[in-house]
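Me: Please take a close look at a single part of this model, the surroundings of ligand 1, and then place that part within the rest of the chain. Which residues are around ligand 1?

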Amino acid sequence: MSRAYSNIYNDFLKYWSFIGGDDRPPAPKQRETAAELLHMPRIATIRWTRGSGKTFLLGKLGFFLAYRLGWDIIVGAPTEKQTEAIMGEVDGAARRILGRNDLISNTERVKIKPTGAEIRALGLGSSSYKTAQSKHAQLVIIDEMQQLVAGEVAESVIGMVAPHQGSVWLAGLGGSPGSASAVFGAMDGVHSVHPWQEHIKLDPVYVDYVDDARQTMPPPEFAAHYECADLDMSEFLLVPSLDTIDQHMHDPFTMVCIDWGKRRDQSVATVIDRDASGIYYHLRDWKVLNGSYTEQGRVLGKWLLDIPYDEIRVEINGVGDGASDILKEEILKSDPDSRIRDVWVLQNKNKALHRLFGAARDKKVLYDDKNPRSVPFIKEITSIKYRMSESGSMIIPQSSHSDYLSSILLAFVPEAKVYL
Ligand SMILES: Nc1ncnc2c1ncn2[C@@H]1O[C@H](COP(=O)(O)OP(=O)(O)OP(=O)(O)O)[C@@H](O)[C@H]1O
Ligand SMILES: [Mg+2]
């Protein structure tokens with residue numbers, strides 16, 4: 001151990017007893033991780049079980065580095081409230097160590113006047129990324145990393161530390177494939193994992209808390225929160241949950257749901273049977289269309305001749321939407337008796353997602369694995385990247401848009417119907 005390093009580590013332990021008090025010494029995991037972080041790795045992830053002292057450690061350690069080494073630090077989290085939680089720890093430490101004249105301190109900014117070092121809060125809600133670019137720091141600390149999309153974090157944060165060759169520390173739980181948790185956790189760096197079972201002197205209240213969570217959370221979510229595993233709800237909710245059809249539905253209501261390509265030229269249509277009670281959904285055929293809208297409409301019109309559908313659902317942006325008009329015209333050309341009736345507006349995508357995932361989890365959504373077109377469908381649907389919102393619902397970033405998913409969502413659209 002180098003002398004400089006051992007000094008700073010010992011200093012930190014001394015400093016901790018000042019601010020934490022002798023009754024709150026660092027827990028073994030906090031001590032071990034602080035030692036690793038003081039070696040200044042470029043990237044560090046701290047993936048510890050709920051309530052294990054991540055935010056506490058990062059706030060105290062952050063302040064210590066600003067105080068002792070004069071570092072400028074940026075503290076970020078997905079929401080303002082979460083940012084305030086770490087800043088609260090920083091602020092508390094600052095007030096214990098420094099007198100009023102040496103300090104400007106609140107939950108947005110802590111400035112150590114004698115050295116000018118500053119710790120600033122940065123809300124990482126999407127609109128603040130723009131303001132983030134002009135900020136520079138030796139260290140960026142991010143909490144609740146599982147709720148952030150890796151690409152967006154990298155874009156804003158790497159630029160902030162680049163001029164100083166600084167470090168990025170991220171803390172939180174296990175995240176989904178595109179999350180900061182999963183992506184940064186796979187990079188070179190220091191990675192600390194602390195599942196709940198490794199707590200020393202487990203408090204019985206905490207054990208109850210964990211047991212309770214085990215009863216109420218879907219298993220992958222429980223594993224992410226308490227065992228620090230990667231979270232892949234997409235697989236859990238959609239794929240193993242999507243049972244295969246072994247028996248055709250009696251007298252179904254058949255919808256053809258079309259995601260009419262807007263950004264790219266590709267459109268996807270899914271044939272979905274719904275049973276009379278409206279509970280079961282059978283995904284039984286797919287059609288992928290390419291080319292101009294007229295060309296797509298023509299192919300679709302022909303294909304639909306062989307499908308006894310009850311309703312066509314197309315997402316539009318407003319009445320008289322050009323693509324839908326072309327579609328309707330082409331369908332009526334091929335089949336003047338067509339029952340094309342309704343056009344649906346996907347106003348509330350989250351609600352539709354929620355309904356689809358709920359139905360899938362309850363084994364109410366089945367697909368026909370004998371249909372060769374189910375292969376690309378399953379492939380696309382399993383590669384969707386998303387993150388969990390604070391309230392536990394899914395957020396699918398624009399970048400991982402899936403035409404297949406968008407088309408199925410139309411079957412789960414609440415209300416809002418427009419007549420052509
Ligand atoms: N070394 C310690 N000694 C005593 N109490 C501590 C210690 N470290 C943290 N705590 C307390 O334990 C509680 C949980 O800590 P903290 O909020 O930092 O956990 P967390 O890992 O960030 O949790 P979450 O996953 O819910 O965000 C807080 O009340 C904090 O003050
Ligand atoms: Mg926390």
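Reply: Ala, Val, Leu, Ile, Met, Phe, Trp, Tyr, Cys and Pro count as nonpolar, Asp, Glu, Lys and Arg as charged, and the others, Gly among them, as polar. On that basis, the shell around ligand 1 comprises four nonpolar, five polar and three charged residues. This is a predicted model, in which local features need pLDDT of at least 70 and side-chain atom pairs pLDDT 80 or more, while totals for chains, interfaces and linings use all residues. Residues are numbered from 1 along each chain as its sequence is written, with chains lettered from A and ligands numbered from 1 in the order in which they are written.

Arg-24, Pro-26, Ala-27, Gln-30, Trp-48, Arg-50, Gly-51, Ser-52, Gly-53, Lys-54, Thr-55 and Phe-56 surround ligand 1 (C-beta atom, placed from the backbone, within 6 Å of the ligand). Helix H3, residues 54–69, supplies the largest share of this shell, three residues; helices (H or I, at least four residues) and strands (E, at least two) are DSSP runs numbered from the N terminus.

H3 also leads into the interior of the chain. The largest nonpolar core has 57 residues, and H3 gives it its largest share, nine residues. Such a core is a set of buried Ala, Val, Leu, Ile, Met, Phe, Trp, Tyr and Cys residues joined through C-beta atoms within 7 Å. A residue is buried with 20 or more other C-beta atoms within 10 Å of its own, exposed with 12 or fewer, and partly exposed in between. Ile-73, Val-75, Trp-169 and Ala-180 have the most contacts inside the core. Leaving aside neighbours within four places in sequence, Trp-169 is in contact (C-beta atoms within 7 Å) with Leu-37, Ala-44, Ile-46, Leu-58, Leu-139 and Ile-141.

Apart from this core lies another, of 37 residues, among them Met-255, Val-256, Leu-283 and Leu-289. Leu-289 is also one of the residues touched by Leu-300, together with Ala-269, Lys-287, Leu-327, Glu-330 and Ile-331. Leu-300 lies in helix H11, residues 293–304, and counts as buried because it has 21 C-beta neighbours inside 10 Å. Its C-alpha is 8.1 Å from that of Glu-330, 30 residues away in sequence.

The chain as a whole has 15 helices and 18 strands. Of its 420 residues, 40% count as buried. Among contacts with a separation of 6 or more, 72% join residues 24 or more positions apart.

Two loops contain backbone exceptions. Most residues other than glycine have a negative phi. Glu-144, however, has a positive phi near 55 degrees, in the loop between strand E6 (139–142) and helix H6 (150–161). Lys-363 has a positive phi near 65 degrees, in the loop between helix H13 (349–361) and strand E15 (365–367). Glu-144 is buried, since 25 C-beta neighbours lie inside 10 Å, whereas Lys-363 is exposed, with 12 other C-beta atoms within 10 Å.

In H6, the buried residues are Ala-150, Val-153, Ser-156, Val-157 and Met-160. Seen down the helix axis, they fall within an arc of 150 degrees (from the directions from the axis to the C-beta atoms), so they line one face of H6.

Conventions:
Two residues are in contact if their C-beta atoms, placed from the backbone, lie within 7 Å.
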